[in-house]
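Welcome! Here is a short guided tour for anyone meeting this structure for the first time. Take a look at the sequence and the 3D view, and then read on.

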Amino acid sequence: MLLNRRKALAGAGGLMTALATGEAWAADAPRVRRAASSLSSADDDILAFAEGVKIMKRRSDALSWEAQNRLHAQRAEHGNWRFLPWHRLQVAHMERIIAQVTGHARFAMPYWDWQVDRFLPPWVLDPSSPLYERERDPAAETLDFQKARFAQSRDVARVSDDNFDAFCGRERAAGRVEAYGHNIIHMLVGGYMSSTRTAALDPVFWLHHCNVDRVWATWHQKNGDPVYPRPWKDVSMSGFTGPNGRQTGRWTASRITSTRGLGYGYDALYAPLVFALPPGALGGPPVSTSEVSLRVEADSADGSVRLALPPELLRQLREAPGRVTVEGEGVVAYERSENLTGRGIATSILADKGRVDLGVSPTFVHFGGGEGEAHEGHVGHADYAHVFTFDSAVVQLARLTTGPLAIVSTAQDLRPEEGRPPARAVSLEARLTVTEYAV
Ligand SMILES: [Cu+2]
């Protein structure tokens, strides 16, 4: 009884700290985070970032570089809908710490938008700079990230259309922003970045997560607060160190959906991306909408999972090809193990002669992490799952083929030279909304 009461009091105290910190940060004139490509090594933010890394690497206390990596290695949220708010908080805290230890009070973390900038900023490639990291994959130094493996995936960019589930993820599945664009960069930069245990040691981690945060800010601007479900809003996170070296207490997701609430903004958000066909674009008004929910447990020897689309659905797609749209979303889950690292989870819709690729998500497998006590079942040890989406391309595929169609997911081995056994899928589920329009 007494223990519970103590715990409750400690919790309340923590909440008040985070509220007070958040209010103080929000009251500042907002910091403006700028594009890495617009900043030279002589710009104030880059000088501060480099100096901050140098100072923090020399420290061994709560404001050290290693402490930030340890926090990320042990408590970062991946593979679930806490991913975006958790990393938003870590970058915002880091920004304040760098401002504090360097005296560059207005420091704002630069963002590296690899789809526009394409190459790593020159100031992280200079071996004499604290922003350099020799552990990176040497190929990353000259890599055009826009043309790199997996970066062409259709699932990388078109996230602004996503609903909450697809974008932010689910309670136990990574959203697309995490599974695709985010994971791809961790894999391509390589070295420390390729493991959750070491990723935050590379300064590029911060530039990258700053941009992931900007993708969220863009999506949030389009969708607004009503889009977040209550259970997500109540998610709480703690363990972050403020610029004074003390913990800032317990934060709730609902308070940080806007970057303003944390005292920063971006010089520019993403331009509106390609949007889906507006309703009615196919002709007359919609005459019917049906929803199909499918799920299958994996049982194939090669570790993959296959979900056949029901024949009556295919008949519907084939009978009214010009008048029907499909929106679909699903979750594919794999067994979490070391064997799943260094893989690319490829999901496609397969026909006898043809396929629609739904993207490849390089794995970024975390072990542990999260706040075990705060939610049941230790999300960090549950299956490794992510969301995928598909659209009316499946209608085209159905129209151009005659046989069965199936959604298939396999974990391709990115290190085939090791001759590892296949990684095992656990399940695949999908929900399709089929809308038929009048002629
Ligand atoms: Cu990351």
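## A buried charged pair

Arg-82 counts as buried, at 9% relative accessibility. Do keep in mind as you read that this is a predicted model. Which residue does Arg-82 meet in a salt bridge? The partner is Glu-77, and the closest N and O atoms of the two are 3.3 Å apart. Glu-77 is buried as well, because its relative accessible area is 2% and anything under 20% falls in that class.

## Other salt bridges

How many salt bridges does a search of the whole structure find? The search finds 24, and a few of them are worth a visit. Lys-147 and Asp-144 form one, with 4.0 Å from N to O. Is Lys-147 buried or exposed? Lys-147 is exposed, with a relative accessible area of 62%, whereas Asp-144 is buried, with a relative accessible area of 14%.

Another salt bridge joins Arg-295 to Glu-429, and here the closest N and O atoms are 2.9 Å apart. This pair links distant parts of the chain: Arg-295 sits in strand β7 (residues 286–297) and Glu-429 in strand β14 (residues 425–437), 134 residues apart. Arg-295 is partly exposed at 48% relative accessibility, and Glu-429 is partly exposed with a relative accessible area of 26%. Both residues also belong to a network of salt bridges, in which Asp-165, Arg-170, Arg-295, Glu-297, Glu-329 and Glu-429 are linked.

## The copper ion

Now let us turn to the metal. Which residues are the protein donors of the copper ion? They are His-182, His-186 and His-209, each through its NE2 atom, at 1.8 to 2.0 Å from the ion. Along the chain, the donors follow the spacing H-x3-H-x22-H.

Two of these residues share a helix: His-182 and His-186 both lie in α8. They are four residues apart, about one turn of the helix. Both His-182 and His-186 are buried.

## A cavity between two domains

Next come the spaces inside the model. There are three cavities of 30 Å³ or more, and the second largest has a volume of about 60 Å³. What lines the second largest cavity? Its lining consists of Gly-79, Ala-174, Glu-178, Ala-179, Asn-183, Phe-364, His-366, Tyr-384, Ala-385 and His-386. By type, the lining residues divide into five nonpolar, four polar and one charged.

Two elements, α8 (176–189) and β12 (384–390), each supply at least two residues of that lining. Where does the second largest cavity lie with respect to domain 1 and domain 2? Domain 1 (12–266) and domain 2 (286–437) both give residues to its lining, so the second largest cavity lies between them.

## A pocket with a mixed lining

The second largest pocket holds about 390 Å³ of space. Of the 19 residues that line this pocket, the closest to its centre are Ser-194, Thr-341, Gly-342, Thr-363 and Arg-415. The lining divides into six nonpolar, eight polar and five charged residues.

Helix α8 appears again here, since its three residues are the largest share of the lining of the second largest pocket. Why does the second largest pocket lie between domain 1 and domain 2? Domain 1 (12–266) and domain 2 (286–437) both give residues to the pocket lining, so the pocket lies between them.

## Two pairs apart in sequence

To finish, here are two residues that make handy landmarks. Ala-24 is found in helix α1 (residues 2–27) and is partly exposed, with a relative accessible area of 42%. Ala-24 and Gly-263 are 239 residues apart along the chain, while their C-alpha atoms are separated by 8.5 Å.

The other landmark is Met-94, which lies in helix α4 (residues 83–102). Is Met-94 buried or exposed? Met-94 is buried, with a relative accessible area of 0%. From Met-94 to Leu-63 the distance is 9.0 Å, C-alpha to C-alpha, and the two are 31 residues apart in sequence.

Note on methods. Residues numbered from 1 in each chain as written. Predicted model: local features only at pLDDT ≥ 70, side-chain atom pairs only at ≥ 80, totals over all residues. Heavy atoms only, no water. 1 Å grid on protein atoms, 1.4 Å probe; cavity = no way out; pocket = protein on both sides within 12 Å on 5 of 7 lines; lining within 4 Å. Points joined across faces, edges and corners; volume = space filled by probe spheres on them. Nonpolar A, V, L, I, M, F, W, Y, C, P; charged D, E, K, R; others polar. Domains from an automatic or database assignment. Donors = N, O, S within 2.8 Å, 3.2 Å for Na, K, Ca; no water. Buried < 20%, exposed > 50% of the residue type's maximum accessible area, 1.4 Å probe, protein only. Salt bridge = Lys/Arg side-chain N within 4 Å of Asp/Glu carboxyl O.
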